[in-house]
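Me: I'm new to this structure and would like a close look at one part of it. Could you pick out the salt bridges and walk me through them, along with whatever sits around them?

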Amino acid sequence: MKSTIYTILLFLFYLTNSTQAQINYTANDIVPTYNAPFGFGINLGWHKGWTDEQLADIAVGNPELGIEGVGINTLRPALPDFFLEQWGYDIRVKTFQSHVQKGATENVVFIGYPSEAHRSQEEHCPGIRSEMFANIYEPIWDNGANGTPYNEENYYAAYVHEMVSRYGEYIRFYEVWNEPDFPKVSFLVQNREDPRNWWDNNPNPCDYELRAPIFHYIRLLRITYEVVKTLDPDSYVAVGGLGKTAFLDAILRNTDNPKEGEITENYPLKGGAYFDVLSFHSYPHIDGSLRTWNNARRAFDYDRHSDAAVDGMLRLRQEFEDVLFDYSYDGKTFPEKEWLLTETNLPRIAVEDRIGSSEAQVNYLMKCMVEAQRANILQVHPYKLGDTDRFAGNSEFDPMGLYDNLENHPPYTATANDAGIAYKTLSDALHNHTFDATQTEKMNLPKTIRGAAFKNIDGQYTYIVWVRTSIDQSEQAAATLDLSALLNSNVLIGKKWNYSITSKHFEIAANQITLTASPLILVEEEDNNGVEDDPNLPDDLFTALPNPFTDQLTLKIRLTEAAQVNASIVNGIGTVVVEVVNINLAAGTYEYIINSSNWANDIYHLRAQIGNKEFLMPLVRMRN
């Protein structure tokens, strides 16, 4: 939870920097508060024969084409320097705009990857050229000497500025590189007892993806932070999908000083000052989460099931948080970081001795989405949207798609597999819901059962519950649960993982809920209680123009007779953003102009009551 003082500091920093090119605050001072709903994301990938727009159609949905999608509401594309340099910086503007128009908001983009002309010629690992940008230690700003606020000789700063200037209204998170800590060697860089470990030694450029000193990566973070925050202070800078906690430790203990990361006047702060978000990747079937070495047997003991995989993801998140807290990013000394999980999944097909089944994948994705929200992770982006045709039985990454093999199907003919069906079921069930820790605690779940409560904007709860798996290579488990003491009804409506395609639901007694290892969605019997959820309200009631809107919204109320009118606008998680009116009004037409210039890009609702009748009207805010 961010302290109120951070919000005050942010306001003061924005105020004092409104006319300056270079900011004078860092992530040691403030991390912006994030208010958007949970992100059901995806890595679109590249699929031969498909455009990015078509991939977004089957991910997010496109009503004009009759495509429902698979429940995605945010995306993780890439905008590398080499691509924009070759095709022009405007090449993807319309594509990104269409993503937002379809409903993919708060998007993540990973950046970096220089063109040949911008790539460093240095060899920090003998015989292997650096992957880094050249000239990153040139000044970031030049006070407009060449007609731009940035220094053209700093290729990375120029790239980030030009990219953010064009795409910033469609992006919320900037991930600096993808998996920059990916090791090129087999020794255990995480093992503190290994003499080459990254806890006690700065990463050797020969041993990881960037082929450059860790200080150079911190320099990228610093440049990104200064440029992004200057252009769009409400956006977030993230480290790029880390998998190694020791690499994070190296970022936090060094500055961007090329001389061994030392603190000097020109390099006063360590790496944690230059990112808001810890983005990480978790593949529990690969990272050792599903097996433990048995020294007595001289062999591994296995726990290849979905709950062990979820525990592995949560354990990795906790290990990253422990490192952050070691360096005082704990909400006390420095603001806490926000969290993204930008790659995760289990394969549907087992490779070697690893887990792999459709049932395990479905269960893991649903459980991961539930537990991620409990763990304050803002978005989860499974890898990936569709299978690829490279699968030949030896790569667990190819059969991870939410759709069957896209490369064997022309656009719009691909079929969602079980994982895609389950993903949409859960996303639809939790649309405009937020995790409710208090209600979850009241569920009083036994240790054998996991789950959580989620609350929508009307105060109604949805419960997701399942039995923990515990047997190797098995998704079988069973138990009963009694929630009757918590509910207003003796009967619940149950929906299984495939509800998005079957539309089949069933009644279940609240005191005798039969559960399996497959997450079950439970809601109380619906009582609309006079509430109408209809965007096309009668002309004699409410009109909102424009809709979608940007910086200003005009709300008109037309009454044919006097009435008590109570109207407010709430965000996606039910928080009142503005109270419009709450008084008795005579018959007539009333107009209210609402300033929305500082609102987040989100789906809002006008929640109104006239007399004893209630209404909900969806309102879409798109950043201009």
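Reply: Here's a tour of some of the salt bridges, followed by a pocket and one more helix.

Keep in mind that this is a predicted model. The structure holds 28 salt bridges, and a few of them are worth a slow look.

Start with K367 and D307. They form a salt bridge whose closest N and O atoms are 2.7 Å apart. K367 belongs to helix α9 (residues 358-374), while D307 belongs to helix α8 (residues 306-326), so this pair ties together parts that are 60 residues apart in sequence. And are these two buried or exposed? K367 has a relative accessibility of 0%, so K367 counts as buried. D307 is buried too, with a relative accessible area of 1%.

Now stay with α8 for a bridge inside one helix. E321 pairs with R317, and their closest N and O atoms are 3.1 Å apart. They're four residues apart in α8, so about one helical turn separates them. That spacing fits a simple rule: an α-helix has 3.6 residues a turn, so residues three or four places apart point the same way. Buried means under 20% relative accessible area, and E321 meets that at 13%. R317 is buried as well, at 8%.

Next come two loops. R348 and D387 form a salt bridge with the closest N and O atoms 2.4 Å apart. R348 sits in the loop between β8 (338-344) and α9, and D387 in the loop between β9 (379-380) and α10 (418-429), so the bridge ties together parts that are 39 residues apart in sequence. Both R348 and D387 are buried. Some bridges share partners, too: D307, D311, K367, E371, R374 and R450 are joined that way into one network.

Helix α8 turns up again at the second largest pocket, which has a volume of about 1,300 Å³. Its lining counts 43 residues, and G243, K244, I286, D287 and G288 are the closest to the centre. Elements giving two or more residues to that lining are β5 (277-282), β6 (291-294), β7 (299-302) and α8. Of these, α8 provides the largest share, four residues. By type, the lining divides into 18 nonpolar, 12 polar and 13 charged residues.

One last stop is helix α6 (residues 214-231). Its 18 residues reach 26 Å from first C-alpha to last, close to the 26 Å expected. Of those 18 residues, 16 are buried, so α6 is largely enclosed by the rest of the structure.

Terms used
Residues numbered from 1 in each chain as written. Predicted model: local features only at pLDDT ≥ 70, side-chain atom pairs only at ≥ 80, totals over all residues. Heavy atoms only, no water. Expected span 1.5 Å × (residues − 1). Buried < 20%, exposed > 50% of the residue type's maximum accessible area, 1.4 Å probe, protein only. Salt bridge = Lys/Arg side-chain N within 4 Å of Asp/Glu carboxyl O. 1 Å grid on protein atoms, 1.4 Å probe; cavity = no way out; pocket = protein on both sides within 12 Å on 5 of 7 lines; lining within 4 Å. Points joined across faces, edges and corners; volume = space filled by probe spheres on them. Nonpolar A, V, L, I, M, F, W, Y, C, P; charged D, E, K, R; others polar.
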